Amino acid sequence: MSYRYARITKRAVPGGLPFSLSIEPTTACNLGCPECPSGLKQFTRPTGKMNLGLHETILEQIHKHVFYINYYFQGEPFLHPEFLELIKIAKKNRIYTATSTNAHFIDNNKAREIVESGLDRLIISIDGLTQETYENYRVNGRLETVLTATKSLVKAKKELGSTTPHLIFQMLAVKPNEHEIPAVFELGKEMNVDEIRIKTAQFYDYKNGNSLMPDNADYARYKKRPDGTYTLKNKTGNHCWRMWSSSVITWDGKVVPCCFDKDAHHILGSIEGNGFATIWKSKEYNGFRQQVLIARDQIEICQNCSEGANVWA
């Protein structure tokens, strides 16, 4: 209701607390994906991992109003040595948990631990069906490792009689792999994966095109203008549902507005300095919301965003 009120009045007043969070276990990653600041090691913020004490503090502050946590922002979650402890603590607080992985650290034993942790949803990045196409984007990665990890997870679920985690194959559609997209649905079915998703790729430098842009417009986030430059395919506007429904917390407890602020340029507060509810209703957070309501196209991280804006447009 407060979001609808803000859309009408152009006044950023959150009437409640968010029901969803993204929490970053770590910024470290083993791969070198060409459009990922974590993989390219191009962060200006420090690399690290969330400690259990900070995580406990976060859960104490948000467990009464948050019922969904995506344990992913930047980095590879399973590089955090105690990642599954984060999941177990969230499950004790009756929170739905999800994460995304490149699956390079999941063997038979880890697969059983994942199932036993209670993790509800696991996105597995599979960006090619041959090693050649896969490593075009997942630089330094091994497709065989991903497939073996998937088999281990399916096997562990069956052996433990569990319906979770809900396993999702997610293919990032880029030019080298777009011809394989129909086949990924067949592979997912063959391997007993629960769901297959195709995700459009975000490019930092897209205005003059990018060699990774797919040819098929159905798989593209951008469209070509008559002058040969590119722009976002979906229209945005001066509104964003995410500013009322969710938030992102980095590994060191910084609160940023959304997942497009990968380098945490818009720090709205720190969990260790103020409680989350105080940050959520702060002058700084409302100031950012107000910018979104008045001139969203002037915010850099919003200029390449195709998500969050079109809910109840």
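Analyst: Let's start with a term: a residue is buried when its relative accessible area is under 20%. Keep in mind that this model is predicted.

User: Why is D127 called buried, then?

Analyst: Its relative accessible area is 1%, and the cut-off is under 20%, so D127 counts as buried. You'll find D127 in the loop between β4 (121-125) and α5 (131-137).

User: What makes the pairing of D127 with R138 a polar contact?

Analyst: The two side chains come to 2.5 Å of each other. The limit for such a pair of N or O atoms is 3.5 Å, so this pair falls inside it. There's also the backbone nitrogen of L172, which sits 2.7 Å from a polar atom of the D127 side chain.

User: Which residues does D127 contact, if we skip its neighbours within four places in sequence?

Analyst: Here they are: T133, Y134, Y137, R138, Q170, M171, L172 and N177. To get on that list, a residue needs heavy atoms within 4.5 Å. Notice that R138 and L172 turn up here too.

User: How many disulfides are there, and how do you know?

Analyst: A search of the whole structure gives zero. Take C240: the nearest cysteine sulfur belongs to C305 and is 5.9 Å away. A disulfide needs two sulfurs within 2.5 Å, so C240 is in none.

User: Why is C302 not bonded to C305?

Analyst: C305 does hold the closest cysteine sulfur, but that sulfur is 6.3 Å from the one in C302. Set that against the 2.5 Å limit, and the gap is too far for a bond.

User: Why are C240 and C302 called buried?

Analyst: C240 has 7% relative accessibility and C302 has a relative accessible area of 12%. The line is drawn at under 20%, so C240 is buried, and so is C302.

User: What lines the largest cavity?

Analyst: C240, M243, C258, F260, F288, R296, I301, C302 and C305 do. So the cysteines we just talked about, C240, C302 and C305, are among the lining residues. The volume is about 50 Å³, and a search of the whole structure finds one cavity of 30 Å³ or more.

User: What makes that lining eight nonpolar and one charged?

Analyst: Arg counts as charged, while Cys, Met, Phe and Ile count as nonpolar. R296 is therefore the charged one. The final tally is eight nonpolar, no polar and one charged.

User: What about the second largest pocket: how is its lining made up?

Analyst: It has nine nonpolar, six polar and seven charged residues. In total 22 residues line this pocket, with Q202, Y204, F260, E300 and I301 nearest its centre. The space inside is about 540 Å³. F260 and I301 also line the largest cavity.

User: Why is E85 called partly exposed?

Analyst: E85 is at 33% relative accessibility. Buried would mean under 20% and exposed over 50%, so 33% lands in between. E85 lies in helix α3.

User: Which residues of α3 are buried, and what covers them?

Analyst: The buried ones are F83, L84, L86, I87, I89 and A90. Their cover includes α2 (52-62), β3 (96-101) and α4 (108-117). Just after the helix, R94 takes a positive phi of about 60°.

User: Why does T97 count as buried?

Analyst: T97, which lies in strand β3, is at 0% relative accessibility, so it is under the 20% cut-off. Beyond residues up to four places away in sequence, T97 touches I69, Y71, I87, A90, K91, G118, L119, D120 and R121. Among these, I87 and A90 are buried residues of α3.

User: Is N192 buried or exposed, and what is its phi?

Analyst: Exposed: N192 is at 54% relative accessibility, and the threshold is over 50%. Its phi is near 65°, a positive value in a residue other than glycine. N192 sits in the loop between α7 (181-190) and β6 (195-200).

User: And why is A264 called buried?

Analyst: A264 is at 12% relative accessibility, which is under 20%, so the label fits. A264 isn't a glycine either, yet has a positive phi of about 55°. Look for A264 in the loop between β10 (254-256) and β11 (269-270).

User: What makes the peptide bond from T164 to P165 cis?

Analyst: The omega of that bond is near 0°. P165 is in the loop between α6 (143-160) and β5 (166-173).

Methods: Residues numbered from 1 in each chain as written. Predicted model: local features only at pLDDT ≥ 70, side-chain atom pairs only at ≥ 80, totals over all residues. Heavy atoms only, no water. 1 Å grid on protein atoms, 1.4 Å probe; cavity = no way out; pocket = protein on both sides within 12 Å on 5 of 7 lines; lining within 4 Å. Points joined across faces, edges and corners; volume = space filled by probe spheres on them. Buried < 20%, exposed > 50% of the residue type's maximum accessible area, 1.4 Å probe, protein only. Helix = DSSP H or I, 4+ residues; strand = E, 2+ residues; numbered from the N terminus. Polar contact = N/O pair within 3.5 Å; in protein donor to acceptor, adjacent residues only side chain to side chain.
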